[in-house]
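Student: Pick one part of this model and take a close look at it. Then fit it into the rest of the chain.

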Amino acid sequence: MIVNSKLLLRLIKSSMDKCRHIRIPFLLVGIINVTVFYILSTLVYGDALIKDGIEVFYGAETVDMVLMIGCIVVAIISIIVILYANAFVMKDRRREIGLYGILGLSKKSIVTMLFYETIIHLIICLGGGLLIGTFLNKLMVLILYKLAGQPPVNGFVFSENALLLTIVLFLIVYGICFIYNVLGIKISKPVELLRSKSAGEKEPKSKIITLAIGIITIVAGYYVAINCDSTFDTFTMLFSSIGLVIIATYCLFIAGTIAILKAIKKNRKMYYKTSNFIGVANLMYRMKHNAVGLASICVLSTAVIILISCIASLVALSENTLNSIYPSDVMVKYVSEDDTVSEKFESLVEELDGYDLEKVETRDLWNVEWIHRSEDQTGKFLKLSDLEDYEFDNIKNVYIITQDTYNRYAKDSINLEKGQVCIADSDNNKYDFVSCEDINYKASDDKLDQNVMAPFKDASMSLFTSIYIIVPDDETGFEIRNNTTDSNMIQGNENCKIYISSFDINGNLTEKEINTIKNKLSAISDNCDISIRQEDEQFFKNLYGGILFVGMFLLIIFAIVTVLIIYYKQMSEGYEDNGRYQILKKVGLTEKETKASINRQVMIMFFLPIVVASIHAIVASNIIRLFMKMILYVDAFTFNMAVLGSIVFFAVIYCIVYKLTSRQYYKIVSFNN
């Protein structure tokens with residue numbers, strides 16, 4: 001039977017009215033995804049960051065790149081979550097559509113009705129999302145500028161490219177939804193659709209291969225995460241570990257939970273108890289239908305916990321990062337063979353009239369930036385040029401300092417003899433000797449003050465292990481430097497040393513004053529590198545602000561997706577348990593016993609994902625911390641505390657979500673009562 005459009009629209013309206021509890025969350029998720037993607041794409045393609053090909057502020061291009069990555073991630077998440085929500089809506093409507101077929105509605109009419117529904121969903125989500133996004137665009141720009149330390153901007157924020165991209169993306173997404181819905185109807189008969197909710201109730205089978213894959217991948221993923229100790233390998237190993245753990249999570253939820261429940265069932269003493277007998281049997285069917293949803297909640301919860309940890313670390317440690325890069329407000333690095341060059345620098349500083357300067361000091365050293373440490377002997381050093389094949393992990397950044405320079409700033413001085421050195425590194429390795437070419441030096445037991453070492457460190461080489469060698473005199477320093485470094489890699493000549501001069505400035509500098517200081521101090525040497533904290537501080541603020549902004553958006557999206565899946569899982573289980581609830585009452589269980597059994601099952605099902613997610617996050621903390629070291633100074637204690645705090649914070653939010661969604665679940669379960 002072919003019906004007119006007016007009747008089809010009436011059927012759609014009736015269906016949407018009766019299924020508000022399912023349709024409204026679906027529409028809300030669509031609107032939120034459109035809003036978030038539109039806002040991010042407006043920032044990327046608008047002129048808030050890049051105008052006429054020029055940065056609006058220092059570092060804006062880097063922020064724009066971060067936002068672009070965030071845009072891509074949000075697009076991928078939007079596609080996944082909308083398709084997931086659509087699949088749930090269609091699963092719930094299969095009986096309704098089957099009934100239409102039984103009553104004589106043709107498949108062509110049903111397809112037409114699904115097309116109208118898809119268009120209505122698209123219009124509501126696109127219209128609502130674009131409208132909200134248009135009003136929020138200016139607010140988001142102001143927030144981004146605030147995080148980046150920029151003054152507020154005036155004017156309306158809009159981008160035609162962002163608008164077009166958003167429309168095209170969600171046209172494709174809802175087009176895929178329509179195709180999925182039509183294929184589901186085309187390959188099924190009305191009777192099959194009508195009986196879909198009562199089909200497939202056989203006890204789930206053990207899946208040995210899936211279980212084996214889960215065990216192997218979880219061990220491999222955890223091993224990679226725990227044993228990663230190289231910043232250079234972190235990027236590759238991080239994504240390898242993430243991929244392995246995601247595969248393992250799905251496999252273990254699908255097969256591992258069933259295997260455990262079957263093992264409990266074989267234990268007669270444990271299984272043949274009233275509470276366990278009912279609980280284990282029901283949990284098997286729950287896991288059969290909801291294992292994928294639980295695994296998805298677990299993966300998303302892990303992502304939320306890690307994002308919260310990274311955001312918290314970014315907020316807490318950004319200032320520490322700047323302090324580690326700039327121990328002083330002005331840092332001047334230059335090469336000279338003149339032992340009196342520090343006095344020349346001080347005289348140049350004295351010529352800077354009108355500035356409130358303090359802590360003027362100069363440190364001298366030999367900086368061997370590319371040197372290789374043998375893996376089999378901790379203190380064995382080799383020339384980089386002598387190695388045909390090497391890994392970045394074996395390249396170290398070495399600072400050779402005389403004991404006179406060290407003692408000038410240390411509270412506890414050291415006294416080295418000829419042929420003796422004092423050595424320490426950023427990885428806390430223990431050294432008994434130092435060997436380069438055929439020359440050996442005995443390592444003393446003196447402990448070096450890391451605070452004294454900090455100003456010597458080159459921030460641009462922070463990815464490499466820093467090794468500090470204190471030598472008794474200049475002769476030993478030149479000897480080590482020249483025996484481990486090719487002449488073409490030595491700055492200046494073989495008699496030159498590297499000097500780091502620095503001082504602090506009270507108050508802020510204007511751009512003119514910054515240029516004046518640079519011009520004055522550049523006279524110290526032809527090979528001179530001048531860094532002023534105030535000048536570069538803005539770049540780091542912009543970068544961290546952009547990362548924080550994108551991180552907060554991704555956190556919101558992941559949290560929304562997690563809540564959505566939890567809500568739909570509770571709804572789905574509610575409808576499935578409604579019939580079981582009545583059967584349990586009919587076989588003689590009291591309402592109190594039945595409710596207790598269902599409560600226990602719901603608690604296990606609901607809190608299993610967050611327990612596993614917490615374990616994932618704790619195991620991943622090491623490799624995530626190394627990954628963050630690429631842009632941030634991260635100490636293990638602070639980051640670990642951030643991870644633990646994030647787990648507690650998310651657990652509280654998770655419990656609130658459980659409380660809210662469980663109300664709807666119990667309402668559905670007890671509906672026929």
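Tutor: Helices are DSSP runs of H or I with at least four residues, strands are DSSP runs of E with at least two, and both are numbered from the N terminus. This is a predicted model, where local features need pLDDT of at least 70 and side-chain atom pairs count only at pLDDT 80 or more, while totals for chains, interfaces and linings use all residues. Residues are numbered from 1 along each chain as its sequence is written, and side-chain values use heavy atoms, with hydrogens and water left out.

Start with a loop. Aspartate 445 sits between strand 9 (439-443) and helix 13 (450-453). Its relative accessibility is 70%, so aspartate 445 is classed as exposed (over 50% is exposed, under 20% buried, in between partly exposed; 1.4 Å probe, protein chains only). Isoleucine 423 is 22 residues away along the chain, and the two C-alpha atoms are 8.8 Å apart.

Now the wider frame. The protein has 18 helices and twelve strands. Of its 673 residues, 50% are buried. The exposed surface comes to about 33,000 Å², and 60% of that is supplied by carbon and sulfur atoms. These areas use the Shrake-Rupley method with a 1.4 Å probe, and for residues only the protein chains shown count as cover. Take the contacts (heavy atoms within 4.5 Å) between residues at least 6 apart in sequence: 82% of them join residues at least 24 apart.

The part to look at closely is the second largest pocket. It holds about 1,800 Å³ of space. Which residues are closest to its centre? They are Phe239, Ile242, Leu307, Leu554 and Phe558, out of 50 lining residues. A pocket here is an open set of points on a 1 Å grid over the protein atoms alone, with protein on both sides within 12 Å along at least five of seven lines; a cavity is a set where a 1.4 Å probe fits but cannot get out; lining residues have an atom within 4 Å of a point. Points are joined across faces, edges and corners, and the volume is the space filled by probe spheres set on them.

Six helices each give at least two residues to this pocket's lining: helix 3, helix 7 (208-227), helix 8 (234-266), helix 10, helix 16 and helix 17 (591-628). Helix 3 gives the largest share, eleven residues. By class, the lining has 42 nonpolar residues, eight polar and no charged. (Nonpolar: Ala, Val, Leu, Ile, Met, Phe, Trp, Tyr, Cys and Pro; charged: Asp, Glu, Lys and Arg; polar: the others, Gly among them.)

Helix 3 spans residues 60-102. Isoleucine 79 belongs to helix 3. Isoleucine 79 is partly exposed, because its relative accessible area is 29%. Beyond its neighbours within four places in sequence, isoleucine 79 touches Leu169 and Val173. Phenylalanine 170 is 91 residues along the chain from isoleucine 79, with 8.2 Å between their C-alpha atoms.

Isoleucine 82 is also in helix 3. Isoleucine 82 is buried, at 1% relative accessible area. With neighbours within four places set aside, its contacts are Phe26, Gly30, Asn33, Phe170, Val173, Tyr174 and Cys177. Glycine 30 lies 52 residues from isoleucine 82 in sequence, yet 6.6 Å from it, C-alpha to C-alpha.

Helix 10 (residues 274-325) carries leucine 294. Leucine 294 is buried, with a relative accessible area of 0%. Isoleucine 565 is 271 residues from leucine 294 in sequence and 8.6 Å from it in space, C-alpha to C-alpha.

Next, the cores. The largest nonpolar core has 109 residues, and Leu67, Phe170, Tyr568 and Ile624 have the most contacts inside it. Helix 16 (residues 533-586) contributes the most to this core, 18 residues. Such a core is a set of buried Ala, Val, Leu, Ile, Met, Phe, Trp, Tyr and Cys residues joined through side-chain atoms within 4.5 Å. Outside its neighbours within four places, isoleucine 624 contacts Leu238, Ile306, Cys310 and Phe639. A second, separate core has 19 residues, including Tyr334, Phe345, Val349 and Ile524.

Last, the enclosed space. There are two cavities of 30 Å³ or more. The largest holds about 80 Å³. Twelve residues line it, and Asn86, Glu117, Thr118, His121 and Asn181 are the closest to its centre. Helix 3, helix 4 (107-147) and helix 5 (160-186) each supply at least two lining residues. That lining has six nonpolar, four polar and two charged residues. Helix 3 therefore appears in the lining of this cavity and, by the lining definition, in that of the second largest pocket.
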